[in-house]
Amino acid sequence: MDITRLRARTPGCAETAYFDNAGSGLHTEHVTRTVVDHLLLESRLGGYAAADREHERVEAVYASVARLLNARPEEIALTDSATRAWDMAFHAIAFRPGDRILASRSEYPSNGLAFLQAKRRHGVSVEPIPDDAHGQVDLDALAGMLAQGGVRLVAVNHVPTYDGLVQPAAEIGALARRAGALYLLDACQTAGQLPLDVAELGCHLLSAAGRKFLRGPRGTGFLYVDREVVTQLEPPALDLRSATWTGPDSYEIRPDARRFETWERSVADLLGLGAAVDEALDLGLGPIRARVDALAERLRAGLSALDGVRVHDRGQVRSGIVTFTKEGREPQQLVAGLRESGVTVAASQPSRARFDIRPGKPAEVVRASVHYYNTDAELGRLLDGVAQL
């Protein structure tokens, strides 16, 4: 990668040493210009006429996301967030009393709330899968739980928001499919930093965000739905995009993944998402992954060498998310102090993951999430800042 050229295309790199890609990645000039150009077109033609003019470009976004996932365009729905994508998929499942949901212990709070809502509404059971010694889903325990029968859904977050582990998603998918359970993978933290191949992962459903490591606009996300199961899933809400009103008391739901979309959406943001996905594809997810991994490991080593600093990342395989604490300093103090010195990080709260009940889990950590446009000089600024605070 020509890092100098890539950074020149990213205005934010001149403003700060940016390590909050797990929250919202920095846009390139091209992504920003794509969004702004369409908004200007809407100001001249109106929203509907502008959308009609750019119809083919919008359709191309489906193809780009499908390439990102090794899927088919008809298996892709474009949404206004990863949360909306995940919720539409989850609440489309026809749960019955007694169904079992198996979930990773590090689930995001929004997902956990949806599980509990389904428990109240449908009488399902929600069972956290034990972690293994590395902090990731224990595959042997999962196999045993599946063997007991009655599992309707296995739901896993590919990468937790509060530590660096990467779940063994493909192995989980193989077990779920063998047991006849649906498999929903939340890839909001992996899209854009790891290669994602739905055929290898074995998932029936995958949700992701545009704003994080993909470096797309906020208010964008997407959902993959395996064409083999799409007609088994009825979205919790329908409108004139997802279904056709065929008579006074009849309707037909679309046969493809777009049954999970809604009519009203930001065309400008979706075009920006497409631009961001295309940039990631042009660079290659393999090279992106290699650089992110190298930067993250150097950062972990540097932090571990500092007095009073503890790195909290777990997992046999790790992502670009690096979490740590410093003795005598609250995470929010570190975040504020680093920002004053021109280094952007964030705080994350493992305490919000209520299924994760392991002893000694920190309530809050500093989260530094690297991306390919970061440099060793920026890692040094981050390490110096932590040492001095």
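1. A search of the whole structure, which is a predicted model, finds 21 salt bridges. Three of these pairs are described in the points that follow, together with the overall fold, one buried threonine and a surface patch.

2. Within helix α2, which covers residues 29–45, Arg33 and Asp37 sit 4 residues apart, or about one turn of the helix. The two side chains form a salt bridge, with 3.0 Å between the closest N and O atoms. Arg33 has a relative accessible area of 44% and is therefore partly exposed. Asp37 is also partly exposed, at 37%.

3. Arg241 pairs with Glu261, and here the closest N and O atoms are 2.5 Å apart. Arg241 belongs to the loop between β8 and β9 (243–247), and Glu261 to the loop between β10 (250–253) and α10 (267–283), so the salt bridge ties together parts that are 20 residues apart in sequence. Are the partners buried or exposed? Arg241 has a relative accessible area of 16%, under the 20% limit, so it counts as buried. Glu261 is buried as well, with a value of 1%.

4. A salt bridge also joins the side chains of Asp356 and Arg314, at 3.9 Å from N to O. This pair links distant parts of the chain, 42 residues apart: Asp356 is in the loop between β14 (346–348) and β15 (365–369), while Arg314 is in the loop between β11 (309–311) and β12 (321–326). Both residues are buried. The pair does not stand alone, since salt bridges with shared partners join Asp131, Asp163, Arg314, Asp356 and Arg358 into one network. The N-to-O distance of 3.9 Å for Asp356 and Arg314 falls within the 4 Å cut-off used for a salt bridge.

5. On the fold as a whole, the chain contains 13 helices and 15 strands. Its radius of gyration is 21 Å, close to the 21 Å that the globule rule gives for 389 residues, so the chain is as compact as a globular protein of that length. Along the principal axes, the C-alpha atoms fill a box of roughly 70 × 60 × 30 Å.

6. Of the 389 residues, 57% count as buried. Among contacts between residues at least 6 apart in sequence, 70% join residues at least 24 apart. The chain exposes about 16500 Å², and carbon and sulfur atoms supply 49% of that area.

7. Thr220 is placed in the loop between β7 (205–209) and β8 (221–225). What surrounds Thr220, leaving aside its neighbours within four places in sequence? Its contacts are Thr79, Asp80, Ser81, Ala82, Ala209, Gly210, Arg211, Asp269, Leu270 and Leu273. The relative accessibility of Thr220 is 3%, so this residue counts as buried. A polar atom of the Thr220 side chain lies 2.7 Å from the backbone oxygen of Pro217.

8. Which residues make the nonpolar surface patch of about 400 Å²? They are Tyr48, Leu240 and Trp263. Of these, Tyr48 is in helix α3 (residues 47–53). Its relative accessibility is 60%, and therefore Tyr48 counts as exposed.

Technical notes: Residues numbered from 1 in each chain as written. Predicted model: local features only at pLDDT ≥ 70, side-chain atom pairs only at ≥ 80, totals over all residues. Heavy atoms only, no water. Patch = residues over 30% accessible without salt bridge, like charges linked within 9 Å, V, L, I, M, F, W, Y side chains within 5 Å. Areas by Shrake-Rupley, 256 points an atom, 1.4 Å probe, with all protein chains shown as cover. Helix = DSSP H or I, 4+ residues; strand = E, 2+ residues; numbered from the N terminus. Buried < 20%, exposed > 50% of the residue type's maximum accessible area, 1.4 Å probe, protein only. Rg over C-alpha atoms; globule rule 2.2 N^0.38 Å. Contact = heavy atoms within 4.5 Å. Polar contact = N/O pair within 3.5 Å; in protein donor to acceptor, adjacent residues only side chain to side chain.
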